[in-house]
Structure formats: C-alpha cells, structure tokens
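User: Could you teach me how to read the features of this model, one at a time?

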Amino acid sequence: MPLSQKPMRYGHTEGHTDVCFDDIGSCIVTCGSDGDVRIWESLDDNDPKSINVGEKAYSFALKNGRLITAVSNNTVQIHTFPEGAPDGILTRFTMNANHVVFSADGSKVAAGSSDFLVKIVEVTDSSQQKTFRGHDAPVLSVSFDPKNTFLASASCDGSVRVWKISEQSCETNWPLLQKCNDVVNAKTICRHAWQPKTGKLLAVPVEKVVKLYRRETWDHQLDLLDKSVTQPFNVVAWSPCGQYLAAGSVGGWIVIWNVETQECLERVKHDKSYTICGLAWHPKGGQVAYTDMEGNLGLLENVCDVDGKKSDHKASAPAVKDYDELFDEDDGEDFLNRDSVGDDWGSKAARNNEDDDDDPMMASGRPRNRGAIIEDDENSLDTGLLKANSALDKEEEEDDQESLAPLLPLSSTQRPFYDGPVPTPQQKPFQPGSTLVHLTHRFMVWNSIGIIRCYNDEQDNAIDVEFHDTAIHHAMHLPNSLNHTMAALSSDAILLACESTEELASKLHCIHFNSWDSNKEWTVDMLQNEEIEAVCLGQGWAACATSTLLLRLFTNGGVQKDIFSLPGPVVSMAGHGEQLLVAFHKGTGFDGDQCLGVQLLELGRKKRQLLHGDPLPLSRKSYLTWLGFSAEGTPCYADSEGVVRMLNRGLGNTWTPVCDTREHCKGKSDHYWIVGIHENPQQLRCIPCKGARFPATLPRPAVAVLPFKLPFCQTATDKGQMEEQFWRSVLFHRYLDYLSQNGYEHDESVKSQATQEQQNLLMKMFALSCTLEREFRCMELAELMTQNARSLAIKYASRSRRLNLAQRLSELAAERAAELAAAEENGIQEEEEEEEDFQNHLNAGYSSTPTESGQARIRNLQRQQSMESYEEEEQEKEEEEEEGTSEVTKPITKAAVVSSSQKRVNPFKVSSSQKDQLVQLANIIDNMTKQGKKNSMPNSRVAPNKKSPVIKPLVPKPKSKQAAAAAFFQPRKPNTEKKNIDERGGGTEVPPPEPPQTPTESSDNKRPKTGFQMWLDENRSCIGADNPHFEETEIIKEGMSRFRNLSAEERMVWTEKAKGKEAGDSSEGKKRKRLEVVNSDGQEGQGKKSKEDTSSVTKPSSIQESAIAKLSAFAFKQR
C-alpha cells in the first residue's frame, strides 16, 4: 500500500518537541516545552496519559521501563514507565542538558549540555560517570554506537566529534556545521544516528545533504540528498532493519532513502512547512512518528512498503486506530490485534493464521525459496521440497546476521502476498453524544434534553444528570455501583445499561421520573451470553440492541413488547417520538470504508418500517460518529470526516449532506462534537474540540452554532447562492409535511413563511435568468412557483418585453390551474368515499337502525348541498368582481385563452393575426396595472393605493376541472342589464349610476346565504384578527377549513339556520317583487329615492364591519 500521512494533532505547547516509540511499539511518547511527557495509545488518543517532569523538557529517552528526561533545572532525571513515578536524579550540569540517549543495551545514558560537556552515566549506579571535554560551544546532540564502543556528538562550535568511550578520547573531528554561540541560534540541531546492529555507518545531517561516514576508518562513504529539499536537514533516524534512512528538514520535508541504492523512496511535506525536530521509527518498521517546533505530532504509515504488504507490528494499532475513540472496550485491548501482539491483522489474514514458517518472507527480509510451491496445482505444497529448503533457510538467516548489508527490495514478480483490497475492521458500537468509555470523567450522553456525566475515580463512582430545562426535572446524582457504561435521556426517563461480569448478567436499568406512582425504577437482566451494545429512548418506549443481534422493546413502565432480529451487528441507535433509527453492519468494508445499513421504524399505533436496511452512505475511509434526530424529528447522522447528512423525505428517503464541519475547523486536528440539530431555526449545535475529537468534562465545554450549507457548485455566484438557499429551505421545511401527514400539530404560519421565502428566491432567480436571456431556464423555475408567483412572473416577462416567454407562462399557468382543480375535486371524492367506508364498517360491526342510517345520508346530502352552494356563490362572486372591473382587462384574458387553445405555430413567421396578438400581449402589463387598481375589495386589508401582487386568486373548490382556469383567465360576459336600459331609454336621460356592489352584496341579492356563509359572516372578524395579513380569498379559504373541522351536528345547525332564513327571505322577496310591478310605471323618482335609501343603509354596515375588523386586529396585536 502507498505511504499515507495522517493529519497532525496538537501535542504540546510551542517549542522543541521530541518523540519516540516504546520498546514494543504499543504507544507513542512525546515531550515538549510545557514540561510534560505524554503517552499516546494512538495518534487519535484524545486522553493521553501525562507525566509532568519539570517546568520545561528539552529531551527524553525511553528503554527497559525507564524514562530519562533532560529538564530546565539543569538535571537529568529518571522516572518509571509507564507509571511516571520519580526515581531520582541521574546527573547534573551547570546549564541545561540539550540531548539524552540510551545505549543499545539500556545500561548507560549519554547527555550533552550547554556547558560544553558530554557525560556517560551508568543507569544502575549514577556515581559511575565519564565526562568528555573538547567542545568549545553548547552540545547539540549525542548518539551511542550500537556496540557501545564509540560516542558521537555535535556542537555549536561547528564540529562533529567521535569519542572512544573506554579511553575518553576523541577519535576524529569533522568541521561540518555553521558555528553559533547558543542552541537557539543554531540553524539545525544536527541529530545524527548510527546504523542499527552493526554501527558501520554514521549519518550526519549537514546542510541539504545527509553525509554517511564509515566506522573505524571514518572515511566519507556517500551523500544522500533530494532536489526538492531547499533548507537544511535537522534530524535523521535509521529504520530498525538498517536498510532505510529518514531525514527531516527545517522546511518541513521528510525524505526516506534506500541507503544501498541511494534511491529516494518516500518524500512527504509538512502541511504548514514547520521545522521537523523529532523523528522515530517503529521498532518493527512501517511507521514513522514525527514532531515539529510548534508542538504538533504526526504519523506516517506504510513507510517503505515495497513488498505490497503491511508491516508486521503492533504499530498498526496507532496507525489504523483512526477508529480508536469508538472501539474502546478495554484500555489494553487493541481491536486490530486481538489475536496476536506482534502480527498485524491484515498479515495474519494473508497467512491464513498459520505458523511463522508459512510466511514466505524471512525476518531478514529475503524471500523464502519459492521452489517448494507448485503453482500449477493450485498452490499445493510438496513436503519433500519444504524439508529440503528448511536447511537452506537457516543458512540464509545466518548469512544475513553476519553480513547486515542492506538488501534490494523484491521485484513485482516475486511478491507472494495477496495484493487486493484489504478488509476494514468493523466499527464498534457507540452511544451518540458520548465520549470514550475508558475515561475516568466522561459524557455518557449530551443531547437536546440534558447531559449525563460519569465519574469513575478513586473518590467516587457516580452519575450526574443535568437537564437543560429544569421544568422537566431537577438535577440528579445517581450511584454507579453496577458500572453503567451506556445511557440514554429523554423528557420522560433515563435509561442505563452495563456490561456483564463473571457473576452478574448485562442489565438494563430505567428511571421513569415522569411516572405518577412511587415506583419509578425497573431493571431487566439479559439472557446468558447476551451483552447490551446500544440503548435509546422514545415517546413511551425504550429499546436496547444486544450482541445476539436482537433488538428488544420495552414500555417506559417496564413491560416487554416487541423483539426482532437485526440484519447485522449494531453500531448505534437513536429514538425520537415514535421513530427508531438503527445503524448496523451490513457487510465487510474494504480499504478503510465501513459497510453500514440503516433501519427506520415507526412504533406508534400503525407500526411500519420506512427504511428497510438501506445502505448508510459515509465519506471515503470514514466511520460513523453521531446518529440522531433533529429537534423536529428528521433523522440525521455525521461521520468522522465531519460531514452531516439529513434524510430527504421528499426525494425517496435519500440522504443529503447539509454541513461539513471541517470547513469551520482551524486546524487538521480540530473537530466539532455534535450535540443537537434544529431545522427551524437552522442550527447545528456542537462543541469545538482543539486537537481532539471529544471535549473534556471540565471545564464545562461551550456550545457553538454552525450554519448549514448544501454542497452546491458555484456558491460564490448569485445564481449558485440562491439555488443553495432555495433547496435548503425546501429540505429543512419538509418536516412540516411529515407532521401534517401523520397527524401531528404544527404551526401553519411557519409553512406560509417558508413558502413566501422560497417564492421570493424563485422570483429573484427568474429575474436573473431573464437578464441573462435564459428563457428556457425561466420556464423551469416557473414550474416550481405557486400560482401567485407565476402570475408575477408573467408580469415581469411582459414588462421585460419577452412576449414568447409570457405566452408560455400563461399556458403553464392554465395547465397548473386545471390540475389543481382536478386534484381538489378528487380530494373531495376521496373524503366522501372514506366516510362511506367508515359508515359501512360501522354497519358491518353494529346493527344500525333505519333512522340512524337515514340521518347519516341526510347529513351527507345537506353537507354536499351546502358545499355546492358555497362553490356556486364563489363563482358568482368572481363574476360580479369581473363586472366591476374595466374592459381594459380583456386583452390579457383573451391572449391567455387564445394561446392555450390554438395550435403551435412557427415563431419566426409573421402574420397579421400574430401582429394583432403581439399588440395585445404588449399591453398586458398596463392592463394588469389598471386591473390591480380597480380590483380593490372593500373587505381587503390591503391599502387602497397599494397594488395587489396577485392577478386573480384561485377558486378554493371549483366544481369542474376547467372552472379554475376559466375563473383565472377567461373574460366575463358584459352586463346585459345596462345594454337593455340603453336600448329602451334611447335618448332619454340616463339615471345616475348606482354605487358598485361588492361580490358579497351581489350574491346576497341573487341567492340566499348558505350555512357556511352565515358562519363566515359571524367569524370573519376572528379570522381577520388571527391573520391580519390575509386577503379576502385567503380569509374564505381559512374559513372553509375551519368550517370543515366543525362537527357534523354543528354544521347541521348552521345549515338549518340558513334554510329558515331562506324561507323568510323568499316571502319578503315575493312581496317586494309585487310592489315593484305595481309601482314600475311612472314612479322612477320614487324608485331613485328608495335606491338612495338602500345605499345609505348598506354603506354604514360595511363601514361598521371594517371598523370592527380593524379594532379586533389592533386588540390582537396588543395581546
């Protein structure tokens, strides 16, 4: 596999930082300017063990369980490892010790100081010391010969010396470095190193090359360099096999060479070009840890993986332990190396868990004799050849030990290992909003309800529960005698779970604090060999997933309910209301990818499964870090790459990325820990973690709010920005449709406000597309608009002199109006069918009397009649409204009707009829302006001089499919009564015009009021007060919806009232008709007077109604 560079993380404060592995490579150890030595189980260890050794640590060395540190009080100290207990002072200097190293056997320690001295001290007896004098400036670095014969040292005086330890004399002196007076002024710290095992070569970083000198002769052997490195090398380190040499430069480059071929195998650049000041190879090879002058720690994996396989060592625990914070069963257990300490899981899989003799590669790195493998017979083995070759293998191993010269890598044809995709270790179960289990102080859960903390130290083992809203419950302090490791929190209960022990089974413990009785707790023991792996809570239910692939459901009171099997091992669970979200392993992932599935169930009265084990999409080479619901009930999750995704119910239950938290992180090692998601307002609530993935419990972390952003292209432009805002608004308000479909309460004003926002964005995009002459794009945007916004688009297109676009928009509006009418009509029919089915169901279960069934049919007929009368009345209202408008509005309606009815014509052919049509279309906007001024309704709340943005409102419930289109576009018939008066009167004097009647008054004169009209007249002021911004048509729609919500008996009462009034009105109308017939001849003056009287009577009533509406609206605002 190719070399991979993991993101660096914060390790220490700014300054010189040193690094090394422990003896077996199970952890990384660092020291820094903050005086701490930290032990990292992996690069992603968010809680490393810290040992304070002094005010400032300059260097350290680790071997055989002893930790040697050079600190700022001019001493070299000893601590036990990994306990960190002080074990005395090894030696002292008059100034700071700059570098300390162990000998190969760990019996001696060498230290170089700023007082120009180099000392070698026996570890077991610190009185046995040897001092080497000869440098004329502070000593930069020291290194032991592997055979404990020589000691090399570099100094600020520019020299590199080799000392013979037994004689305490200087063997050779090379003036290689630039002179300076102090360590802080040195260009490099010149960390040289001897070749392991034999010590035949000494590598010294000098300027932009690494010089190699041969042992004993001290001749310059060769130079290693790389053209990409433009600044001096600072530190070098040999691989454990002695074949490869790594060097770090001041400019942030890390270069690795094959020493024998002098070939540059790897070249890696620091992300921020910081100076590399520490390098360390893993004891088994394959990994290189490094530090910089800013206190950061980094790791290179698959280093020099020339054989196409991973190195065999436990260093892959830190390497692949990108999942460490989730796979946290035991502190000492490595999830990748459960079976063996020395072998990587991938190598064991390749070897089929055989003995080391089956490894085609020997410890020396040479390939075994492959003649024993008969490739023609499906890799069958010839035992005779194997025995014959075993002796050859031993001889080759002895030769390798005698001559440790570097070996050439295998050619591609000699690679015996499987070179395909490598399986990814499965992610371990975790609780959303929790931190690592092995921490002494940790968060068990942090969600929108509250926080549960766990304290497990020498003083106390307890659980603290804190609620964000103290009205739900007061804070709680619970003992943790059972050592609970999992927790879930809702507004009704607390759910805890613990692992099994040798004596006790795994237990599920619930505290139902919302219960009204005195017994608020219950506990359930799992079956034998069944471990609880995940828990969650919902509205009235609790759930736990176990290691036997079972999901158990309980009530909040402790009643066992449903139980079903999961398709795979659970990863995480979350609950919200009646919804249960389960993530599980659907299969085995490869090359770092997880293969997860998800199930979404509704546990209400109608139990159903919405997601049937669908794949859960994750970022490449990432894993699941958070799973839950938004505050409004939409499933969401996040992965280790910081991408947050949300379920898009309007697109077939797909997952849409809504935020990338990595865009808001300042450094690569910084992360955001999610605690909650809100759709209204759009907020991602999370905790920033500097240099870690999880926050500490103390001090209390501060919650930050991140914005959502869909990953649309070209968001820097106006078009891309508006597209992202529109679709994000659509996505984040789809929960309203889900709530309404499932019978939940929701605020209608939120939906209307969101619709208004979306239509505004569509109109802006429409205007931008018109400006760019993208008429086809304009039509695509118009298809997303509502009827009112589409009308405004027609206006805008006409004003922009885009007549073809206006014509097509008119056709589209007519089609949408017809579809809307048909949909509403089908909805009424479905409601009637549902009522009939319900009545049939009742009749099938119970014997209804003829009176009861007859009354039900009568009620249905009466309701249908009232609805039909309401629809006819609405049509008459529109007719009267059209009669009151000027005839100037006729061209647009004619144009719309003609364009929708005629066939498609050649747009480039100019004819006389087309010219006339274009002339009519050119006057559309002017006609609309005049119409908007004249169509101001008396009961409307819009100001008289303010133009209405709606050309013509849709009919709420038309009787036929074409009714809505006709009401919106077709012209009305002229008033025939006026024509008859003109014909009869001839040249006689025309009487003064009567005041224009409102649609309500004209319909009242023509037809008696229905029950709905009487109810609307009585409740109109209340609707207007609740919704001050509503227009007349919107008030009627709202009134109709409220009237439908009334019970059948109440609607019958209003219908009976209307019928009683109809009878009285009909008798009075007959009397008035007879009087008009008698007095029609010769009494025009008297009729004129009566008309004035009636008009004077109606005017105060309308003024009074508007005054009452205004007062009620004012009172509503004051409340």
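**Reading side chains and strands**

Analyst: Let's start with exposure: Arg-1042 is partly exposed, at 27% relative accessibility. Here buried means under 20% relative accessible area, exposed means over 50%, and partly exposed is in between (1.4 Å probe, protein chains only). Keep in mind that this is a predicted model, where local features need pLDDT of at least 70 and side-chain atom pairs count only at pLDDT 80 or more, while totals for chains, interfaces and linings use all residues. Residues are numbered from 1 along each chain as its sequence is written, and side-chain values use heavy atoms, with hydrogens and water left out.

User: Which residue does Arg-1042 meet in a salt bridge?

Analyst: A salt bridge is a side-chain nitrogen of Lys or Arg within 4 Å of a carboxyl oxygen of Asp or Glu. The partner of Arg-1042 is Asp-1026, at 3.3 Å from N to O. This pair links distant parts of the chain, with Arg-1042 in helix H18 and Asp-1026 in helix H17, 16 residues apart. Helices (H or I, at least four residues) and strands (E, at least two) are DSSP runs, numbered from the N terminus. Asp-1026 is partly exposed too, with a relative accessible area of 34%.

User: How many salt bridges are there by this rule?

Analyst: The count comes to 28. One of them joins Glu-1032 and Arg-1020, at 2.5 Å from N to O. Glu-1032 sits in helix H18 (residues 1032–1045) and Arg-1020 in helix H17 (residues 1011–1026), so this contact ties together parts that are twelve residues apart in sequence.

User: Are Glu-1032 and Arg-1020 buried or exposed?

Analyst: Both Glu-1032 and Arg-1020 are buried. Now try a pair within a single helix: Arg-816 forms a salt bridge with Glu-819, and their closest N and O atoms are 3.6 Å apart.

User: Where do Arg-816 and Glu-819 lie, and how are they separated?

Analyst: They lie in helix H9 (residues 803–845), and because they are three residues apart there, about one helical turn separates them. Arg-816 counts as partly exposed at 24% relative accessibility, and so does Glu-819 at 47%.

User: Okay, on to sheets. How should I read one?

Analyst: Strands of a sheet pair through backbone hydrogen bonds, either parallel or antiparallel. Two strands count as paired if DSSP finds at least two bridges between them. In this model, four strands form an open, antiparallel sheet in the order E39-E40-E41-E42. Its edge strands, E39 (532–537) and E42 (560–565), each pair on one side only. From one strand to the next, the twist averages 15°; axes are lines fitted to C-alpha atoms, for helices over the stretch in contact, and angles run from 0 to 180 degrees between N-to-C directions.

User: How many bridges pair strand E41 with E42?

Analyst: Strand E41 (residues 550–555) pairs with E42 over four bridges, in the antiparallel sense. To find the register, look at Leu-551, whose bridge partner in E42 is Phe-564.

User: And what does UniProt list for "repeat: WD"?

Analyst: The unreviewed UniProt entry lists residues 9–41, 132–173 and 236–267 under that name. UniProt positions are given in the numbering used here, feature names are shortened, and annotations may be inferred rather than shown by experiment. In the model, residues 9–41 are 0% helix and 45% strand, with end C-alpha atoms 14 Å apart. Residues 236–267 are 0% helix and 62% strand, and their end C-alpha atoms are 14 Å apart.
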